[in-house]
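Work through the exercises below with the sequence and the 3D structure open beside you. Each task is followed by a solution that goes step by step.

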Amino acid sequence: MASCQGMGEVAIVAWSFFKCLAAVVLLALGTSSGVATAEPDGFTQGGRVPPGFVGEATSWPDTHHGWVLGKAPCGTRSCPTLVRTDDTGDTWRRTTLPTLGEADRFRVYFTDHGTGFVADGSHVHVTRDNGHTWHRTTFEATGTARAIAFTTLDHATYLVAATTTTTALYRLPARSTRWSAVPGVAASGVPDGDVTVHEGRVHTTLAGRYWSGARDTWTESTPPCPANAATDLSAAPGTPLFALCGDDPGMGRMHKLLRRHTNTGFVDVSEAPREGITQSFAAVPGPEGRVALTSVGLGATFVHLATTDGTTWTSPLIVEEPPLTDLVFTDDHHGYTLRPALPDNLFHTTDGGTTWHPLPIR
């Protein structure tokens with residue numbers, strides 16, 4: 001991880017602190033043998049989007065289907081609420097949701113318009129029927145961990161989760177409710193990691209180390225970022241595998257280096273704008289080599305966009321905090337990002353990230 005000029009591990013800890021405020025939840029990891037057959041959880045009722053709904057996390061497996069998980073007033077308190085769209089955001093409706101516990105921030109991840117996950121401060125729940133029914137998943141580990149990143153390959157879902165001492169990669173096969181640790185793919189140190197899929201392989205960074213593979217065959221290689229740099233990974237159809245290396249955080253700024261994977265390893269592409277601490281990172285599908293990131297600092301939150309094979313940077317969206325997060329592009333035109341804790345906080349682009357506009361949830 002990148003040199004912090006004397007800051008060492010302090011820099012990556014600071015980066016992880018800022019990012020975790022916006023993007024990480026705690027998961028309790030239960031023990032289990034074999035495939036769990038969890039009982040269905042309790043549900044909230046479907047219907048119209050409730051007044052006062054505020055999103056905290058979003059997931060878009062394609063341009064037509066999107067989910068936003070957040071909270072809405074219910075009596076004297078706020079209740080977890082999941083809403084969805086099947087028509088690119090023109091209309092929204094409330095959908096069923098398992099009983100969720102307390103969490104600093106909820107998470108939602110859908111692999112397609114049928115299979116998805118929600119997480120609170122204690123558990124991960126899975127649906128395989130478009131959110132009509134949910135089941136609680138279990139883990140082959142004990143203690144608590146932070147859910148950091150999901151991805152999907154060959155009908156299996158992969159999850160990076162971190163305890164206070166170890167970051168590990170877990171795999172959930174189709175139709176299972178039990179996460180299995182990927183053998184040998186774990187690291188001790190600062191709880192930091194990411195995961196993505198590129199050219200039929202899963203790529204993951206865990207506490208500064210880097211693996212790629214699928215199912216039972218995994219190879220550890222030279223990490224994409226130098227020591228003491230935070231690492232984000234992203235790839236999309238038609239793009240190379242990109243890594244974003246971040247170091248020297250402080251006073252709302254951070255050094256960010258974009259790198260690209262080649263046959264001989266990762267090579268430098270460009271330096272991203274320093275404004276903001278990185279919150280999320282996404283490649284834009286297509287051959288143009290575009291990427292985007294969200295960051296936050298000094299009262300503002302940014303979308304920074306790189307075009308021209310990742311070499312030319314602009315900042316097409318700058319708004320007040322809270323941080324923009326959960327950045328995703330579903331094709332070469334459409335992308336989404338969410339600013340938690342505020343109404344009308346979902347933004348979208350229809351021109352590959354050049355311009356951004358609010359997408360009302362009604």
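**Exercise 1.** Find how many residues the hairpin uses to join β21 to β22, and describe how the two strands pair.

*Solution.* In this predicted model, begin at the turn, where a hairpin of 2 residues leads from β21 to β22. Next, follow the strands on either side of the turn: β21 covers residues 253-262 and β22 covers residues 265-272, and the two pair in the antiparallel sense over 7 bridges. Finally, pick out one of these positions, R259, whose bridge partner in β22 is D268.

**Exercise 2.** Trace the chain from β2 through β3 to β4, and state what links each strand to the next.

*Solution.* Start with β2 (residues 54-59), which pairs with β3 (residues 66-74) in the antiparallel sense over 5 bridges; the hairpin between these strands runs through 6 residues, and T58 stands opposite V68 in β3. Then move on to β4 (residues 77-85), which is antiparallel to β3 and pairs with it over 9 bridges, with A72 opposite C79 in β4. The hairpin from β3 to β4 has 2 residues between the strands, and in its turn G75 has a positive phi of about 70°.

**Exercise 3.** Give the strand order of the open sheet of 4 strands, and say which strands lie at its edges.

*Solution.* The order is β6-β7-β8-β9, and the pairing is antiparallel. The edge strands are β6 (107-110) and β9 (135-136), since each of them pairs on one side only. Inside the sheet, β7 (residues 116-119) and β8 (residues 124-127) are joined by 4 bridges, and A119 has V124 in β8 as its bridge partner.

**Exercise 4.** Identify the largest nonpolar core, and work out which strands supply it.

*Solution.* The largest nonpolar core has 17 residues, and those with the most contacts inside it are Y158, L169, V185, V202 and W218. Four strands, β11 (144-153), β12 (156-162), β14 (178-188) and β16 (201-206), each supply at least two residues of this core, and β12 gives the most, with 4 residues. To see one member in its setting, take L169: beyond the residues up to four places away in sequence, L169 touches residues including Y158, V185, V202 and W218. Apart from this core lies another, of 14 residues, among them F117, V126, F139 and L172.

**Exercise 5.** Decide whether H304 is buried or exposed, and find the polar atoms that its side chain meets.

*Solution.* First, locate H304 in strand β25, which spans residues 300-307. Second, consider its relative accessible area, which is 0%, so H304 is buried. Third, look for polar partners: the backbone oxygen of E275 lies 3.0 Å from a polar atom of the H304 side chain, and the side chain of S315 makes a polar contact with that of H304 at 2.7 Å. Lastly, set these partners among the other surroundings; once neighbours within four places in sequence are left aside, H304 is in contact with residues that include P273, V291, L293, W313 and P316.

**Exercise 6.** Step back to the whole chain, and state how many helices and strands there are and what percentage of the residues count as buried.

*Solution.* The chain contains 1 helix and 30 strands. Of its 362 residues, 56% count as buried, while the accessible surface comes to about 14,700 Å², with 52% of it belonging to carbon and sulfur atoms. As a last step, turn to contacts between residues at least 6 apart in sequence: 48% of them join residues at least 24 apart.

Note on methods: Residues are numbered from 1 along each chain as its sequence is written. This is a predicted model: local features need pLDDT of at least 70, side-chain atom pairs count only at pLDDT 80 or more; totals for chains, interfaces and linings use all residues. Side-chain values use heavy atoms; hydrogens and water are left out. Buried means under 20% relative accessible area, exposed over 50%, partly exposed in between (1.4 Å probe, protein chains only). A polar contact is a pair of N or O atoms within 3.5 Å; within protein, one must be able to donate a hydrogen and the other to accept it, and residues adjacent in sequence count only if both atoms are side-chain atoms. Contact means heavy atoms within 4.5 Å. Accessible areas come from the Shrake-Rupley method with a 1.4 Å probe; for residues, only the protein chains shown count as cover. Two strands pair if DSSP finds at least two bridges between them. A nonpolar core is a set of buried Ala, Val, Leu, Ile, Met, Phe, Trp, Tyr and Cys residues joined through side-chain atoms within 4.5 Å.
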